[in-house]
Amino acid sequence: MYTFNAPTTGAPEDLIQEEGYPAYPGAEIAKFSPTSGQTIAVIDFSGIHLVDVDSKKERLFIEKKGIISMEWSPLDTFVVTCEKLKQNEKNLQIWNATTGECVQDFEYRNAPKLGAKSIKFDVDEKFSARQIGNNMIEIYESSNFKEPKF
């Protein structure tokens, strides 16, 4: 974790490494939770690390290798991830960001870098929509991802 230092006196800008945060040398993705920014999700070769910004401690680890894309839900309740499609495996997951439980997984056949963005939540996270093909969308209640509502 770094702090961006932008002095007003004309001195050069620089990054200052913060002490105490866990190191993830192979990390490829890092995104702050959108509501409070209190959690940062770091994706590396082994999975998802959810780190509390204030305590500088990892509060949850979800083991899932090969993640290529990741998105937060609007209220920080869920993390959506996608990896390359493998035969007989679902590659698009919705994770509970508190417990680490995979609440639903789907097969996503398009470019995995776009996979996590194929699921969108409304601002209250009551509903979510999943693009399943050209001009095709499924709507779910976020309390039940097992069966599409519409």
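How many bridges join strand E3 to E4, and in which direction do the two strands run? The legends below take that pair early on, then move along the chain of this predicted model.

**Figure 1. The E3–E4 hairpin, close up.** Here's the reply to the opening question: 4 bridges join strand E3 (residues 29–32) to E4, and the two run antiparallel. For a landmark in the pairing, look for Phe-32, which stands opposite Ile-40 in E4. The two strands make a hairpin, with 6 residues between E3 and E4. Keep an eye on Gly-37 in the turn, whose phi is positive, at about 70°.

**Figure 2. Val-42 and the residues around it.** Stay with E4 for this one: the strand covers residues 39–44, and Val-42 lies in it. Is Val-42 buried or exposed? Val-42 has a relative accessible area of 8%, and buried means under 20%, so this residue counts as buried. Leaving aside residues up to four places away in sequence, Val-42 touches Tyr-24, Ala-27, Ile-29, Ala-30, Gly-47, Ile-48 and His-49. For a sense of distance, pick out Arg-130 as well: Val-42 and Arg-130 are 88 residues apart in sequence, and their C-alpha atoms are 24 Å apart in space.

**Figure 3. The sheet built from E7, E8, E9 and E10.** This view shows an open sheet of 4 strands, ordered E7-E8-E9-E10 and paired antiparallel. Which strands sit at the edges? They are strand E7 (67–72) and strand E10 (102–106), and each of them pairs on one side only. From one strand to the next, the twist averages 20°. Zoom in on E7 and strand E8 (residues 78–83) and you'll find 5 bridges joining them, with the strands running antiparallel. A handy pair to click on here is Ser-69 and Cys-82: Ser-69 stands opposite Cys-82, which belongs to E8.

**Figure 4. The sheet built from E11, E12 and E13.** Now for another open sheet, this one with 3 strands in the order E11-E12-E13 and antiparallel pairing. Why is one side of E11 and of E13 left without a neighbour in the sheet? Strand E11 (119–121) and strand E13 (136–141) stand at the edges and have a single partner strand each, so one side of each goes without a neighbour there. The twist in this sheet averages 25° from one strand to the next. E11 runs antiparallel to strand E12 (residues 127–133), and 3 bridges join the two. To find your place, start at Phe-121, which stands opposite Ser-128 in E12.

**Figure 5. Pulling back to the whole chain.** With the close-ups done, here's how the pieces line up. The chain has 1 helix and 13 strands, and reading along the sequence gives the pattern β-β-β-β-β-β-β-β-β-β-α-β-β-β. The C-alpha trace spans about 55 × 35 × 30 Å along its principal axes. How much of the chain is buried? Buried residues make up 39% of the 150 residues. Of the contacts with a separation of 6 or more, 34% come from residues 24 or more positions apart.

**Figure 6. Surface and charge.** The chain exposes about 9,200 Å², and carbon and sulfur atoms supply 51% of that area. If you're tallying charged side chains, there are 17 positive and 23 negative ones. The centres of those two sets lie 6 Å apart.

Definitions and conventions
Residues numbered from 1 in each chain as written. Predicted model: local features only at pLDDT ≥ 70, side-chain atom pairs only at ≥ 80, totals over all residues. Heavy atoms only, no water. Buried < 20%, exposed > 50% of the residue type's maximum accessible area, 1.4 Å probe, protein only. Contact = heavy atoms within 4.5 Å. Areas by Shrake-Rupley, 256 points an atom, 1.4 Å probe, with all protein chains shown as cover. Lys, Arg positive; Asp, Glu negative; His and termini not counted. Charge placed at Lys NZ, Arg CZ, Asp CG, Glu CD. Pairing = 2+ DSSP bridges. Axes fitted to C-alpha atoms, helices over the stretch in contact; angles between N-to-C directions.
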